[in-house]
Amino acid sequence: MNFPRCVFLSICLLSVGISYLIFNRRHIYSYGTAMNGYGINIHRQSVSAMLGITYPSDDGRTCAAQHQIVFLKTHKTGSSTTAAMVQRYGLDSGLKFAISSKNSLSEYKTFRKNMVTTKTHPETFNVLYNHVRYNHGEIDSVIPNATHFTVIRDPVAQFESMFNYYHVKDVIKHTGPNAIETFLETPQKYCCRKFKGGHQTRNGMIFDLGLEYSQMNNNAAVEAKLNSLEREFDFVMITEYFDESLIILKKKLCWEFSDILYVKNGVRRQRLRTPLNDYLIAKIREWNWIDVKLYDRFLKIFWQHVEDYGDEFEKDLTTFRAMQDSLFDKCYTDKITITGKGRTFSFQPRKDAPPACKQFLRSVSENNKKTQKQNNYLRSLP
């Protein structure tokens, strides 16, 4: 049977197009990132263009951007903002995520590699950004040679946020004005029971970082844990100095300013914050004494990182904050949307926002399907 020439030519052109697309996608992902000749991520360029940033043909960097990344997500520290940033970078750079299609990652159980891989199909990954309990050896076995970092917050602020987020007031059946005070009168009565968030009611941050409850009254075990964390983590961000932390993180990961841009969503409304007097602050610090030691230790190390950064620190911080302001002006209005069942708010995006804004509008949960889809694609490559 003779095909008309136009049909034959159409089929040929379609075949060539599909072959080119397949080759191009493999070429992009085989190098871990969609790059142009100057090593600048294509998505990064769109953000930079939106903010009016011009990259030279050779940015002069003597380092290579880190693509082995372990971000240990802690509770009620603003970690979702950082996780979204890490997730966005991994998606834009074609990296493989340490996640499980069966949702077997656990914020209660210490991380094990079988949560993300199997003996019959062992594999390694590039990125971790989830809530998991830290276990350096097991994490290192699936994300080798990674830069490890996390974020911690003033223990008083973290405890207050946790207490309200997990509705501990309802668990202890408190009906008065200050449930935190009631809890702290007899904290052992309520601590660490099996309710959602119960694992966070004492020293929640060090629990996330791998210390067991059975070790929390053992001073030697606590000191050993703090020492190991200092050895194993390349950097610990501080919530109260979030922008400053990102400047240091950018340098350690050899990223660009546009890689660390962020938008805060789901900010808790002020009227839902519990006022704390000096007495309650002291009680919270006493109850969470290990988190206090953790915070004080790494806050001191943080300032050493700032000093080591050198004279360019303030200049880079000013540049970054100007970019943050520009991002907000181009992507958002001053109007807010109440979210989280009335608990939180987010800024409304502009109707005329540039397309590059979309990647900042998506939350971690909204991007989770994208990370799984990207993993599936990378596994399908020869």
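**Entry 1. The sheet**

I began with strand β1 (residues 69-72) and strand β3 (residues 147-152), which run parallel and are joined by four bridges. The model I am reading is predicted. Within this pairing I looked up F71 and found F149 as its bridge partner in β3.

I then turned to the other neighbour of interest, β2. Strands β1 and β2 pair in the parallel sense, over two bridges. Here I noted that I69 has V127 as its bridge partner in β2.

Next I wrote down the whole arrangement. The sheet is open, has four strands in the order β2-β1-β3-β4, and its pairing is parallel. The edge strands are β2 (127-128) and β4, each of which pairs on one side only. Helix α3 (residues 79-92) packs on this sheet and touches β1, β2, β3 and β4. I recorded the direction of α3 as making about 160° with that of β1.

I recalled a general point before looking at the side chains: in a regular strand they alternate between the two faces of the sheet. Which residues of β1 lie on each side, and are they buried or exposed? I found I69 and F71 on one side and V70 and L72 on the other. All of these are buried, and both faces of β1 are thus recorded as covered.

**Entry 2. M237 on strand β4**

I selected M237, which is found in strand β4 (residues 235-238). Its relative accessible area is 0%, so I entered M237 as buried. I listed its contacts, leaving aside residues up to four places away in sequence: M237 touches T82, F149, T150, V151, I152, F242, S245, L246 and L249. F149, T150, V151 and I152 in that list fall within the range of β3, residues 147-152. I also looked up the separation of M237 from T150: the two are 87 residues apart in sequence, while their C-alpha atoms are 6.0 Å apart in space.

**Entry 3. Aromatic pairs**

How many aromatic pairs does the structure hold? I noted 19. I examined two of the pairs.

For F159 and F163, the ring centres are 6.0 Å apart and the planes stand at 40°, so I entered the pair as tilted. The two residues are four apart in helix α5 (residues 155-165), which means that about one helical turn separates F159 from F163. Both F159 and F163 are buried.

For F183 and W287, the ring centres are 6.4 Å apart and the planes stand at 75°; the pair is therefore edge-to-face. F183 lies in helix α7 (residues 179-185) and W287 in helix α11 (residues 278-287), so this pair ties together parts that are 104 residues apart in sequence. Both F183 and W287 are buried.

I then checked how these rings are connected. Ring pairs link F159, F163, F183, Y190 and W287 into a cluster.

**Entry 4. Charges over rings**

I looked up two basic side chains next to aromatic rings. R133 lies over the face of F207, at 3.7 Å from the ring centre. K251 lies over the face of Y309, at 4.3 Å from the ring centre.

**Entry 5. Disulfides**

I found two disulfides in the structure.

One joins C63 to C254, with an S to S distance of 1.9 Å. I recorded 80° about the S-S bond of C63 and C254, and the link is right-handed. This pair links distant parts of the chain, 191 residues apart: C63 is in the loop between α2 (42-51) and β1, and C254 is in the loop between α10 (242-253) and β5 (267-268). Are C63 and C254 buried or exposed? C63 has 42% relative accessibility and counts as partly exposed, whereas C254, at 4%, counts as buried.

Another disulfide joins C331 to C357, with an S to S distance of 2.0 Å. The torsion about the S-S bond of C331 and C357 is about -80°, so I entered this disulfide as left-handed. C331 lies in helix α13 (residues 313-331) and C357 in the loop between β7 (344-349) and α14 (358-361), so the pair ties together parts that are 26 residues apart in sequence. C331 is buried, with a relative accessible area of 1%. C357 also counts as buried, at 1% relative accessibility.

How values were computed
Residues numbered from 1 in each chain as written. Predicted model: local features only at pLDDT ≥ 70, side-chain atom pairs only at ≥ 80, totals over all residues. Heavy atoms only, no water. Buried < 20%, exposed > 50% of the residue type's maximum accessible area, 1.4 Å probe, protein only. Contact = heavy atoms within 4.5 Å. Phe/Tyr/Trp six-rings, centres within 6.5 Å; stacked < 30°, edge-to-face > 60°. Lys NZ or Arg CZ within 6 Å of the ring centre and 35° of its normal. Pairing = 2+ DSSP bridges. Axes fitted to C-alpha atoms, helices over the stretch in contact; angles between N-to-C directions. Disulfide = S-S within 2.5 Å.
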